[in-house]
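Labels in structural biology rest on cut-offs. Here we ask how each label is earned.

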Amino acid sequence: MRIFRLTNGISNFTYVMINGKVFELGMDPVLALINHAKGLSVSLGSEVLINIDEVFKRDYRVSGLRFTKPYDPPEVWGSGISYEVSRRRYSEEGDVAKIGGKTIYERVYDAERPEIFFKATANRCVGHGEPIAIRGDSNWTLPEPELGVVISRDGKVLGYTIIDDVSARDIEAENPLYLPQSKIYDGCCAFGPFIVTPDEIKDPYSLQIRLRIIRGGEVIYEGEVSTRQMRRRIDEQVKYLIRNNTVPDGTILMTGTGILPGKDSALREGDVVEISISEIGTLITPVIKLK
Ligand code: DO4
Ligand code: MG
C-alpha cells in the first residue's frame, strides 16, 4: 500500500494505491498505516482515476491538482553519520573538534550510541514539487538524500519514504553547537511523494538512493549509494530515538546520508533537487533562498 496526498492549493485529498489502483483514503493516514501493520482493515472510499504520471510533473507554480507532503508528521528526527563516507567527509570539512585524537564524527560513527537529532515539525516540511529552502544566512547548503522511516510510538516501522535532510553545512562547520540552526528552519525538509508500507519493500538494506542537482536544465551533480552501506540497522537507530523519549505515532526518522556533494555543488535558488530510491519513487523539489 502507498499513501499519497494531492492538493489544489486550498484543500488536500489523501489517497491510497493498492495493486496499481487508487482509492480515496477514508481514515487518518497514520491510523491507516497502524491498521495495515496490525493486519486490520483500512477504510477506503471510491476508486479514483488519476493520471499520476501527469500530476507528478506539476509543481507549486502551476494551478490545479498537484502532490504535497503525504501527511503532517508530528515530529521528524535524524540519525547522523551512518555511512562511512559521511564519517570521512564531515571530518574533513570545517574546523572539526577532536576528542581523544578522533574527530567528533569519527567517534560517533564508531560509538555504540548513534547521533540522533531533532529535525522538523510538519510546518517546516514540504512535499514533492514544493520548494525546499536555503537559509538567508547560508552560502553552503546541501541536500541530504535519505531513507525515511515512519514509526509508531512503540518504534514499529509503519512505512518508508524518501526524505531530504536539507542542511546549512557552513553553519554547522563553523561550530557543531550550531547543529539545530543548520538543520531546523522553514523549508528544511522534504519528503514523499509516497509512504510505502514494509510489505512492498523487499529489503530496506538493498535500496539504491540517487541524487541529482539540476541547474538551468543541466545536471551539475550526480551521486548514488546503497542502503547496504548503512553502518547501523534501522531498528537500532529507532531503539535509541525512543529510549526514554516518547514520540507520537507517525514520527519520521531519517536514517542518514551516504551522498555528500562538494562545496562546489552548494545549492542555489532556482536549482532542482531530484532524489530517487528504488522501490519507493522519486522526490523532486525546486530550491528557493529565504530573505
Ligand atoms: O552532525 C551531522 C549531521 C549528519 C547527518 O545529518 C547525516 O549524516 O545525515
Ligand atoms: Mg542527514
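The questions below deal with a predicted model.

Q: What makes Glu144, Glu146 and Asp165 donors of the magnesium ion (ligand 2)?
A: Their side-chain oxygens sit at 2.1 Å from the ion. A donor must be an N, O or S atom within 2.8 Å of this metal. So the three residues count as donors.

Q: What spacing do the donors of the magnesium ion (ligand 2) follow along the chain?
A: The pattern is E-x1-E-x18-D. Glutamate 144 lies in the loop between strand S12 and strand S13, and aspartate 165 lies in strand S14. These two are 21 residues apart, so the pair links distant parts of the chain.

Q: Why is aspartate 165 called buried?
A: Its relative accessibility is 1%. Buried means under 20%. Therefore aspartate 165 qualifies. Glutamate 144 is buried as well.

Q: How do you know that lysine 183 forms a salt bridge with aspartate 165?
A: The closest N and O atoms are 2.8 Å apart. The limit is 4 Å, between a Lys or Arg side-chain nitrogen and an Asp or Glu carboxyl oxygen. So the pair passes.

Q: Is lysine 183 buried or exposed?
A: Lysine 183 is buried, because its relative accessible area is 3% and the cut-off is 20%.

Q: Why is the link between aspartate 110 and arginine 87 called a salt bridge?
A: The closest N and O atoms are 3.4 Å apart. That value lies within 4 Å, so the name fits. The bridge joins helix H4, which holds aspartate 110, to helix H3, which holds arginine 87. The two residues are 23 places apart in the chain.

Q: What makes the link between arginine 87 and aspartate 110 a polar contact too?
A: Their side chains come to 3.4 Å. A polar contact needs N or O atoms within 3.5 Å, one able to donate a hydrogen and the other to accept it. So this pair earns that label as well.

Q: Why does aspartate 110 count as partly exposed?
A: Its relative accessibility is 38%. Partly exposed covers the range between 20% and 50%. So aspartate 110 belongs there.

Q: What surrounds arginine 87, leaving aside its neighbours within four places in sequence?
A: Arginine 87 is in contact with Ile81, Tyr105, Glu106, Tyr109 and Asp110. Helix H3 has other buried residues too, including Tyr90 and Ser91. The buried residues of H3 pack against strand S8 and helices H4, H5 and H6.

Q: How do you know that glutamate 224 forms a salt bridge with arginine 210?
A: The closest N and O atoms are 3.4 Å apart. The cut-off is 4 Å, so the bridge counts. Glutamate 224 is in strand S18, and arginine 210 is in strand S17.

Q: What makes glutamate 224 and arginine 210 partly exposed?
A: Glutamate 224 has a relative accessible area of 47%. Arginine 210 has 39%. Both values fall between 20% and 50%, so both residues get that label.

Q: How many salt bridges does the structure hold?
A: The structure holds 22.

Q: What links arginine 215 to aspartate 271?
A: Their side chains make a polar contact of 2.8 Å. The limit is 3.5 Å, so the distance fits. Arginine 215 is found in strand S17. Its contacts beyond four places in sequence also include Ile220 and Leu267.

Q: Which residues of helix H1 are buried?
A: They are Pro29, Val30, Ala32, Leu33, Ile34 and Asn35. Each is under 20%, because that is what buried means. They pack against six strands: S1, S2, S3, S13, S14 and S16. Glycine 39 follows H1, and its phi is positive, near 80°.

Q: Which members of the largest nonpolar core touch the most others?
A: Phe4 and Ile280 do, in a core of 73 residues. Strand S16 gives the most to this core, with six residues.

Q: Why is this core said to lie between domain 1 and domain 2?
A: Both domains give residues to the core, so it lies between them. In soluble globular proteins, nonpolar side chains tend to be buried together.

Q: What does phenylalanine 4 touch, not counting residues up to four places away in sequence?
A: Its partners include Phe13, Tyr15, Val22, Ile52 and Phe194. A second, separate core has seven residues, among them Tyr90 and Val96.

Terms used. Residues are numbered from 1 along each chain as its sequence is written. Chains are lettered from A and ligands numbered from 1 in the order in which they are written. This is a predicted model: local features need pLDDT of at least 70, side-chain atom pairs count only at pLDDT 80 or more; totals for chains, interfaces and linings use all residues. Side-chain values use heavy atoms; hydrogens and water are left out. Donors are N, O and S atoms within 2.8 Å of the metal (3.2 Å for Na, K and Ca); water is not among the atoms, so sites may look incomplete. Helices (H or I, at least four residues) and strands (E, at least two) are DSSP runs, numbered from the N terminus. Buried means under 20% relative accessible area, exposed over 50%, partly exposed in between (1.4 Å probe, protein chains only). Contact means heavy atoms within 4.5 Å. A nonpolar core is a set of buried Ala, Val, Leu, Ile, Met, Phe, Trp, Tyr and Cys residues joined through side-chain atoms within 4.5 Å. Domain bounds come from an automatic or database domain assignment.
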